[in-house]
Amino acid sequence: MYQTINETIAVVGTYKDGMFVPRKFKWRERIMPVDTITLVNDTRDGVRKKRLYSLVSKGTVFRLEFDRDNEHWLLLELWVE
Amino acid sequence: MERTILHVDINSYFATMLQQENPHLRGKPIGVVKDEGRTCLIALSKEAKQFGIETGARKQEALTLCPQLLCLPASFERYLDATKRLQKVFLTVAPSVYIYSLDEAFIDVTDCREHLYPDLEKLGKTIQDRIKTELGEWVTCNIGIANNRFMAKMASEVAPKGGVSIVTPDKKELILATTPFKDVCGIGYRLSKKLARCNVFYPYQIRFIPEEELHTLFGPFWSVQLAKMAYGEEPHLLQQIDREIPHMKSVGRSITGYHLYQNPTEIKRILHNLSIEIIEKVRIQKLAGRNIWIGLYGQEGYWSAHLTIATPINQVFELINRVDHLYKQWNHSFEVIKFAVRLSLLEPHQQDQLLPSWQKHESIQRALDTINTKFGRFTARPAAVPPQKELIYPEVTGFLGDKLYQLRNE
């Protein structure tokens with residue numbers, strides 16, 4: 001099941017073909033490497049644009065949200081067996 | 001040149017997207033529910049279908065068939081984005097693309113087939129590869145190719161998972177003779193039951209029913225449609241795709257509650273919440289409507305009322321007033337589980353009214369629109385709606401009945 005977290009995180013990454021690609025993120029003072037990005041989706045609410053990333057880090061699936069207007073990252077959920 | 005239509009159908013779309021997102025779910029039986037706490041399975045992974053579970057089954061029934069079934073909530077905004085990306089992939093193949101539902105599309109390659117796609121099997125495989133590149137390696141689709149949409153859709157239904165099926169004249173007869181009516185586009189549950197009572201289970205069998213008898217049994221409309229289907233011709237439902245629709249004719253929204261409601265304030269608040277969503281859609285499309293309809297469904301009853309007015313409306317307070325007026329007619333004879341509101345007879349909003357009261361409401365509405373566009377939906381809203389945590393947000397349906405709105409150019 002997905003466990004709700006909703007905590008602010010810091011993300012570093014690279015740009016590929018004009019798109020940001022997360023490489024690692026810092027959550028609760030731990031550096032988590034991004035092993036695979038499994039899904040990326042763009043959503044919008046009015047003019048507010050958000051990009052949702054699903055990625056695998058050390059075998060765990062994380063759902064990240066990037067607010068494209070204020071460039072704010074949020075760890076939404078993680079998968080727990 | 002003969003028409004060439006491709007029908008692309010993503011396999012077990014909602015469940016497949018969850019499996020694409022989460023490698024831990026791949027190869028496992030997954031059931032998709034609309035939201036946390038819901039019990040109706042709206043989609044199933046191919047692994048779950050192997051246990052004999054059917055779409056629409058209750059979670060408890062499904063768990064008796066497959067105790068290891070994992071039930072997860074759908075993520076409609078992600079599916080809609082994926083569909084928009086699929087649309088872009090299809091438009092790289094040919095300019096004539098029709099998104100039929102969230103997970104299905106027709107591509108007409110008639111004009112570009114000769115020079116660009118002489119090998120249709122190869123084209124099908126190329127589209128499948130592009131979908132994998134765009135959405136992920138776990139996403140597979142069936143592709144049916146035929147000279148019309150009806151046969152293309154049927155071919156993709158009968159194709160093996162992840163396969164490409166091209167309808168040749170020989171194959172066409174075989175498909176018509178072996179595809180049960182439940183897999184035939186345009187045949188609903190009741191019509192298939194009626195056909196079964198006449199011992200007709202496959203489209204091909206209709207050829208042996210005399211025209212007069214078909215007319216007597218199924219009436220003037222369905223007798224013609226069934227005769228077309230028997231020969232693999234496009235029925236009315238799919239021909240409608242070619243019709244130009246300048247704008248939506250109606251905008252409606254329904255929701256099933258988490259429990260039975262009997263408190264009038266709670267019921268009205270839910271109807272108001274649905275009204276806000278309707279007005280948002282209507283105003284974005286610069287439309288206004290004249291017919292207001294509300295429906296309430298209980299376990300033992302159903303009630304609806306409607307009202308047609310002279311002047312089209314597109315302001316939330318006006319719609320809420322009209323909904324409240326209709327609601328007053330209800331005698332509260334049952335507890336409510338499902339709520340529905342619809343604004344129809346839509347037409348382009350062309351002229352503002354000069355009445356001061358209308359101008360006042362319009363200026364409030366514009367302020368609401370500006371705030372909610374900038375800061376997010378429901379930031380500013382009428383007071384008489386459910387509390388923040390219980391607000392009902394817009395969602396897309398698999399059928400994508402509001403595709404004119406959802407897939408509009410922004």
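Start by selecting chain B and chain A together: between them there are 14 residue pairs in polar contact, with both partners at pLDDT 80 or more. Keep in mind as you click around that this is a predicted model.

Now colour chain B by its helices and strands. On the side that touches chain A, α1 (13-21), β4 (70-73), α4 (76-91) and α14 (356-375) of chain B each supply at least two residues. Pick out α4(B) next, since the largest share of that side, five residues, comes from this helix. What kinds of residues make up the side of chain B that touches chain A? They split into ten nonpolar, six polar and ten charged.

Zoom out a little to take in both partners. Chain B brings 26 residues to the contact and chain A brings 23. Together the two chains bury about 2000 Å², with 49% of it on carbon and sulfur atoms. To see who gives up the most area in chain B, select Glu21(B), His24(B) and Arg78(B), which together account for 31% of what that side buries.

Stay on Glu21(B) and add Arg63(A): their side chains meet in a salt bridge, at 2.5 Å from N to O. Across this interface there are two salt bridges.

Last stop: helix α9 of chain B, residues 189-197. Select Leu191(B), Ser192(B) and Leu195(B), which are buried. Look down the axis of α9(B): its buried residues fall within an arc of 100°, so they line one face of the helix. Part of their cover is α10 (211-230) of chain B. Spin to the other side of α9(B) and you'll find Tyr189(B), Arg190(B) and Arg197(B) exposed. Following α9(B), click Asn199(B), which has a positive phi, near 60°.

How values were computed: Residues numbered from 1 in each chain as written. Chains lettered and ligands numbered in written order. Predicted model: local features only at pLDDT ≥ 70, side-chain atom pairs only at ≥ 80, totals over all residues. Heavy atoms only, no water. Contact = heavy atoms within 4.5 Å. Buried area = accessible area lost by both parts, 1.4 Å probe. Salt bridge = Lys/Arg side-chain N within 4 Å of Asp/Glu carboxyl O. Polar contact = N/O pair within 3.5 Å; in protein donor to acceptor, adjacent residues only side chain to side chain. Helix = DSSP H or I, 4+ residues; strand = E, 2+ residues; numbered from the N terminus. Nonpolar A, V, L, I, M, F, W, Y, C, P; charged D, E, K, R; others polar. Buried < 20%, exposed > 50% of the residue type's maximum accessible area, 1.4 Å probe, protein only. Arc of directions from axis to C-beta.
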